[in-house]
Amino acid sequence: MESVRQIVTLEQFIIERENEFSFSSGELSQLLRDIGLAARIVNREVNKAGLVDILGITGETNVQGEEVKKLDIFANEQFINALSAGGATCMIASEENEDFIRVNSLVSKNAKYIVMIDPLDGSSNIDVNVSIGTIFSINRRLENMPEPGLADCLQSGMHQVAAGYVIYGSSTMLVYTTGFGVNGFTLDPSLGEFFLSHRNMQIPEKINSYSINEGNYFKFDYPIRRFLAWIKEEEKSEGRPYNARYIGSMVADLHRILLKGGLFLYPGLKDAPNGKLRLLYEANPMAFIIEQAGGKATNGFQRILELTPHELHQRTPLFIGSRKGVEEVESFLKGDVKEHTLALLPNLKYWHPVPEEGGIRPLKLGKANP
Ligand code: FBP
C-alpha cells in the first residue's frame with residue numbers, strides 16, 4: 001500500500017519543537033507564527049505585483065541611502081504590524097527604519113524578544129519578477145535592562161535564539177533555525193498554509209557555483225581578484241572552474257547554495273571597505289542558518305557570529321556557503337596561497353591581475369601579452 005506522506009504544518013512543527021528551549025513559554029512560537037502571517041500577506045502582494053500599484057519607487061531614500069521601493073514599505077509595515085500585534089516582540093529593528101521601534105502595547109512591552117529584520121531583500125529585483133525575500137533575526141532581550149534598547153540589538157550573532165528567511169520565488173518558502181537544525185516550509189497558496197517540505201537541511205560540501213557581483217571587479221582587493229582568477233582555472237580534479245551564478249537577491253542566491261552547495265561573496269570594496277550587507281539583519285541570520293546546515297560564514301578572517309556589533313545598520317564583508325569554498329577564499333585573503341602557486345597556472349599569466357594597477361591588462365586579440 002502506498003505510504004501516506006505525513007504532512008506537518010508550520011504551526012504543528014513549531015509546537016512540536018517548542019520544548020527544545022529551556023526557557024520556552026510559547027512566546028517564540030507565537031513570534032514565529034507572526035512572521036508566518038506577515039509572510040503570507042507579503043506573498044499575496046508579491047504574486048500580483050504587476051496588477052496592483054506596488055511596483056516602483058516611493059521617491060524616498062532610506063537610512064542606507066537607497067531608493068525606497070513601494071514593496072519595501074509595504075513589507076516593512078506588514079512585519080511591524082504582525083509582530084506588534086502578536087505580543088511576543090518588545091522591539092523591532094528594520095533595514096527601512098533609522099532607529100529601532102519599541103512596541104509599547106500592553107501585551108508586548110514586557111515581551112522577551114527583539115526582532116531585527118530586512119523586510120524585503122533583493123530590492124533591485126522587485127520590479128523584474130525575480131526572487132526576493134525577507135530575512136529575520138531574533139534575540140532575547142537583556143535581563144538587566146529596565147526597558148529594551150540599542151544594547152539588545154547589538155548582541156553578537158551567537159546570541160540569536162532563532163533566525164530565518166522567506167523566499168518569494170517560483171514557490172514561497174520559509175526556512176528557519178532555532179539552533180537545532182534548519183527546516184524549510186513551502187506555502188500552499190490554495191490553503192494559505194506553510195507545510196514542512198525540507199526537513200533538517202544540510203548544505204552540500206561540493207562547491208557547485210559561486211555568487212559575486214563581478215561588476216565590482218576593479219573595486220575588489222587584490223586577493224579577491226586572485227581568487228576569482230583561480231576559481232575560473234580548469235582543474236577538474238578540484239571541480240574548477242566553478243559556475244558563476246548571481247541573482248542579486250542574497251536570499252535567493254543563498255537558498256540555492258543551501259540546496260546545491262556553493263559560495264556567496266560580498267567583499268569589502270575600495271569605496272566601501274565593509275561591503276554592502278548589514279550585519280544584524282542580513283549577515284548574522286544567514287550565518288546562523290548556513291552554520292546550522294553544516295556550512296561556514298566569515299568576514300574573511302573572523303566568524304560572522306562572533307563579530308561584536310557597534311551600530312544598528314553596520315555593514316560587513318561576507319563570505320558564506322559550503323565550508324570548503326569559504327576556506328578557499330580565506331586562504332587567499334590570509335595570503336596562504338603563495339605567488340609561485342599562481343605562476344604555475346599556465347593560462348593565468350595572460351590575464352593575471354596586476355596588484356594596485358586596478359586589474360587586468362587588456363588582451364590584444366590574436367597574441368598574448370609579453
Ligand atoms: P537590499 O536588502 O536593499 O535589497 O540589499 C541587499 C541586496 O539586494 C542583496 O540581496 C544582494 O545580494 C545585494 O544587495 C546585491 O547588491 P549589488 O547590486 O551591489 O550586487
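This passage describes two sheets and a helix that packs on them. The model is predicted.

One open sheet holds eight strands. Their order is β4-β3-β5-β6-β7-β8-β9-β10, and the pairing is mixed. Strands β4 (101-102) and β10 (193-198) form the edges. Each of these two strands pairs on one side only. Strand β3, residues 89-94, runs antiparallel to β4. Two bridges join β3 and β4. Ile-92 stands opposite Ile-101 in β4.

Helix α6 packs on this eight-stranded sheet. The helix touches β5 (113-121), β6 (132-140) and β7 (160-168). Also touched by α6 are β8 (172-177), β9 (182-188) and the edge strand β10. The direction of α6 makes about 100° with that of β7.

The other open sheet has five strands, again with mixed pairing. Here the order is β12-β11-β13-β15-β14. Strands β12 (243-244) and β14 (296-298) each have a single partner strand, so one side of each is left without a neighbour in the sheet. Strand β11 covers residues 209-211, and β13 covers residues 263-266. These two strands pair in the parallel sense, over two bridges. Ser-211 stands opposite Phe-264 in β13.

Helix α6, residues 250-260, packs on the five-stranded sheet as well. Its contacts there are with β11, β13 and β15 (318-321). The direction of α6 makes about 150° with that of β13. Helix α6 thus touches strands of both sheets, including β7 in the eight-stranded one and β13 in the five-stranded one.

How values were computed:
Residues are numbered from 1 along each chain as its sequence is written. This is a predicted model: local features need pLDDT of at least 70, side-chain atom pairs count only at pLDDT 80 or more; totals for chains, interfaces and linings use all residues. Side-chain values use heavy atoms; hydrogens and water are left out. Two strands pair if DSSP finds at least two bridges between them. Helices (H or I, at least four residues) and strands (E, at least two) are DSSP runs, numbered from the N terminus. Contact means heavy atoms within 4.5 Å. Axes are lines fitted to C-alpha atoms, for helices over the stretch in contact, and angles run from 0 to 180 degrees between N-to-C directions.
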